[in-house]
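Q: Could you walk me through how to read a few features of a protein model with its ligand?

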Amino acid sequence: MEYNESEFLIETKVPSDEVIISRTDLKGNITYANELFCEISGYTLEELLTKSHNVVRHPDMPHSIYKDLWQTLKDEKQWVGVVKNLRKDRGFYWVKAIVSGVYKDGELVEYKSLRAPISYGEKLQHQKLYDKIRKENGEKSRRVVYE
Ligand SMILES: Cc1cc2nc3c(=O)[nH]c(=O)nc-3n(C[C@H](O)[C@H](O)[C@H](O)COP(=O)(O)O)c2cc1C
C-alpha cells in the first residue's frame, strides 16, 4: 500500500490514568479490545474483532521487535517493550506494552496486552533506535534526517 507521508505526522496522545487493553488468540487475532483501545486506534470494536493484531503495526516498527515478542511469548515469558502503533486514519501513538499469556486451568488459552503512555524523551529515543534497526536490517527507511 502507498502512503502519503504527511498522513503519518499526527500523534494521538495516550492518557496516563487509563490502560489500553487487548487480547488475542494464540495466532495473534484480536479477541477483545477495551474502549480506550478503540478510541486511540480509531477502530470500532467490530472492526478490530475480525483482524490480526498487526492491523495497528506501524511501518516504523522493525520486524525484529515482533520476532522477539513472539519468541518471548513462545517461551511463556512476559514481553515488555516500546511500540509505535498505526491508527486507522494513519496517525500514530506510542505506548509501553506488557504482553503475556492468559491461562485457564494452567493451560495457555490467549495472550493479553496492557499499554501505558511514555515520555517524549522515550519516544525520541525509540524512534531513533527503531530507525537504526530498520536501516541495519535493510528495511524501508523514513526520509528523516537527524542533525
Ligand atoms: C497480545 C498481543 C498484543 C499485540 N499488540 C500489538 C500492537 O499493539 N501493535 C503491533 O503492531 N503488534 C502487536 N502485536 C504483534 C502482532 O501480532 C504482530 O506480530 C506484529 O504487528 C507484526 O506483524 P507481523 O507479525 O504480521 O509481521 C501483538 C501481539 C499480541 C499477542
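A: Happily! Let's begin with the polar contact: a pair of N or O atoms within 3.5 Å; within protein, one must be able to donate a hydrogen and the other to accept it, and residues adjacent in sequence count only if both atoms are side-chain atoms. This is a predicted model, in which local features need pLDDT of at least 70 and side-chain atom pairs count only at pLDDT 80 or more, while totals for chains, interfaces and linings use all residues. Residues are numbered from 1 along each chain as its sequence is written, and side-chain values use heavy atoms, with hydrogens and water left out.

Q: How far is a nitrogen atom of the ligand from an N or O atom in the side chain of Arg115?

A: That distance is 3.2 Å. For Asn85, a side-chain N or O atom lies 2.8 Å from a ligand nitrogen, and for His53 the value is 3.4 Å. On its own the ligand has 590 Å² of accessible area (Shrake-Rupley method, 1.4 Å probe), and the protein covers 86% of it.

Q: What about phi: which sign do most residues other than glycine have?

A: Most have a negative phi. Arg90, although not a glycine, has a positive phi of about 80 degrees.

Q: Is Arg90 buried or exposed?

A: Buried means under 20% relative accessible area, exposed over 50%, and partly exposed in between (1.4 Å probe, protein chains only). Arg90 is buried, at 18%. Asp105 also has a positive phi, near 50 degrees, but Asp105 counts as exposed at 82% relative accessibility.
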